[in-house]
Amino acid sequence: MASASVSTWLIPISKNETQLRVGRLTKAHGLKGAIKLELFTDDPGRRFVPGAVFTLQVPTTSPWHGKTLELAELRWYNGHAVGFFVGVPDRDAAESLAKAILWIDHDLTETTDEEDAWFDHQLVGLAVMRDGVRIGTMTQIDHLPAQDLLHVSTITGEVLVPFVKAIVPSVDVASGFLTITPPPGLFEELPAADDAEPGDAESEAAESEAATADDTVPDASAGVPSAPAVTEAPAAS
């Protein structure tokens with residue numbers, strides 16, 4: 001699930017169902033087959049329950065290719081999710097699953113009541129609007145530890161946009177678009193500081209000469225006593 005504060009890898013199964021990426025196995029933990037998990041879901045208590053079955057995305061050369069994996073137990077160690085799986089009895093078996101991506105069946109008609117949160121498939125394909133003008137299309141979403149990144153395809157290439165409220169203030173799935181307010185330089189190159197416009201040097205020289213001339217003009221008020229400075233008295237407390 002995505003939130004503005006979402007992977008595009010979706011495998012169609014039927015009209016209303018798809019495979020949804022929910023996690024990645026990172027490395028073995030201990031000697032009893034446990035594996036550390038990187039979670040791509042905001043609801044691990046629902047997705048990672050004993051008996052949950054995951055489709056594995058692994059290289060074709062992997063002994064796990066074409067197989068599924070059943071979760072026996074999910075534990076937390078120092079804030080990190082660690083999974084125990086059926087048929088993974090020791091560290092060697094766990095290491096053979098490193099970097100495998102976990103998928104589950106997902107009903108496309110499912111919605112969420114959480115504010116500013118969407119399933120990935122709801123965002124992919126949305127038009128990207130800037131100042132009322134369409135500038136591209138949402139093509140992919142990367143889930144990173146710090147924040148999610150939106151891949152926006154434009155006529156000049158792909159741009160990665162941080163999925164945060166300050167840059168993506170609104171998402172309208174029903175209307176088919178999201179609005180962005182990117183900082184300068186995200187979608188276009190900024191001119192270099194030394195890229196001076198023609199005539200700039202002449203203008204600066206003229207201003208310098210004018211300033212020098214002003215310094216040589218006699219001050220008409222020279223010799224006239226000035227009024228004492230007046231400062232505003234502090235307000236009574």
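These questions and answers walk through a predicted model of one protein chain.

Q: How many helices and how many strands does the protein chain have?
A: This is a predicted model. Both kinds of element occur in the protein chain. The count is 4 helices and 15 strands.

Q: What percentage of the residues in the protein chain is buried?
A: A residue counts as buried under 20% relative accessible area. The protein chain has 237 residues. Of these, the buried share is 34%.

Q: What part of the accessible surface belongs to carbon and sulfur atoms?
A: The accessible surface of the protein chain comes to about 14,700 Å². Carbon and sulfur atoms account for 54%.

Q: Is strand β7 mostly covered or mostly uncovered?
A: Strand β7 spans residues 80–85. Of its 6 residues, 5 are buried. That makes β7 mostly covered.

Q: In which sense do strands β4 and β7 pair?
A: Strand β4 covers residues 34–39. It joins β7 over 3 bridges. One bridge sets lysine 36 against valine 82 of β7. The sense of the β4 and β7 pairing is antiparallel.

Q: Which residue in β7 stands opposite tryptophan 76?
A: Strand β6 takes in residues 68–77. Strands β6 and β7 run antiparallel and are joined by 6 bridges. Facing tryptophan 76 in β7 is alanine 81.

Q: Which residue in the turn between β6 and β7 has a positive phi?
A: Strands β6 and β7 form a hairpin. Between them lie 2 residues. A phi of about 50 degrees belongs to one residue in this turn, asparagine 78.

Q: How many salt bridges does the count come to?
A: Side chains of opposite charge can pair when their charged atoms come close. The cut-off here is a nitrogen of Lys or Arg within 4 Å of a carboxyl oxygen of Asp or Glu. By that rule the count is 3 salt bridges.

Q: Which residue meets arginine 24 in a salt bridge?
A: The N to O distance is 2.9 Å. The pair links distant parts of the chain, with arginine 24 in strand β3 and its partner in strand β4, 14 residues apart. Arginine 24 is partly exposed at 26% relative accessibility. Its salt-bridge partner is glutamate 38.

Q: Why does glutamate 38 count as partly exposed?
A: Partly exposed residues fall between the buried limit of 20% and the exposed limit of 50%. Glutamate 38 counts as partly exposed because its relative accessibility is 23%.

Q: Which glutamate meets arginine 75 in a salt bridge?
A: The two side chains come to 2.9 Å, N to O. Arginine 75 is partly exposed at 33% relative accessibility. The glutamate is partly exposed too, at 32%. It is glutamate 73.

Q: Over which ring does arginine 75 lie?
A: Arginine 75 also has an aromatic neighbour. It lies over the face of a ring, at 4.5 Å from the ring centre. That ring belongs to phenylalanine 84.

Q: In which helix do glutamate 95 and arginine 91 lie?
A: The two residues form a salt bridge, with the closest N and O atoms 3.2 Å apart. They are 4 residues apart, about one turn of the helix. Glutamate 95 is partly exposed at 42%, and arginine 91 is partly exposed at 31%. Both lie in helix α2.

Q: How far is the charged end of arginine 21 from the ring centre of phenylalanine 40?
A: The charged end of arginine 21 sits over the ring of phenylalanine 40. Its distance from the ring centre is 3.9 Å.

Methods: Residues numbered from 1 in each chain as written. Predicted model: local features only at pLDDT ≥ 70, side-chain atom pairs only at ≥ 80, totals over all residues. Heavy atoms only, no water. Buried < 20%, exposed > 50% of the residue type's maximum accessible area, 1.4 Å probe, protein only. Areas by Shrake-Rupley, 256 points an atom, 1.4 Å probe, with all protein chains shown as cover. Pairing = 2+ DSSP bridges. Lys NZ or Arg CZ within 6 Å of the ring centre and 35° of its normal.
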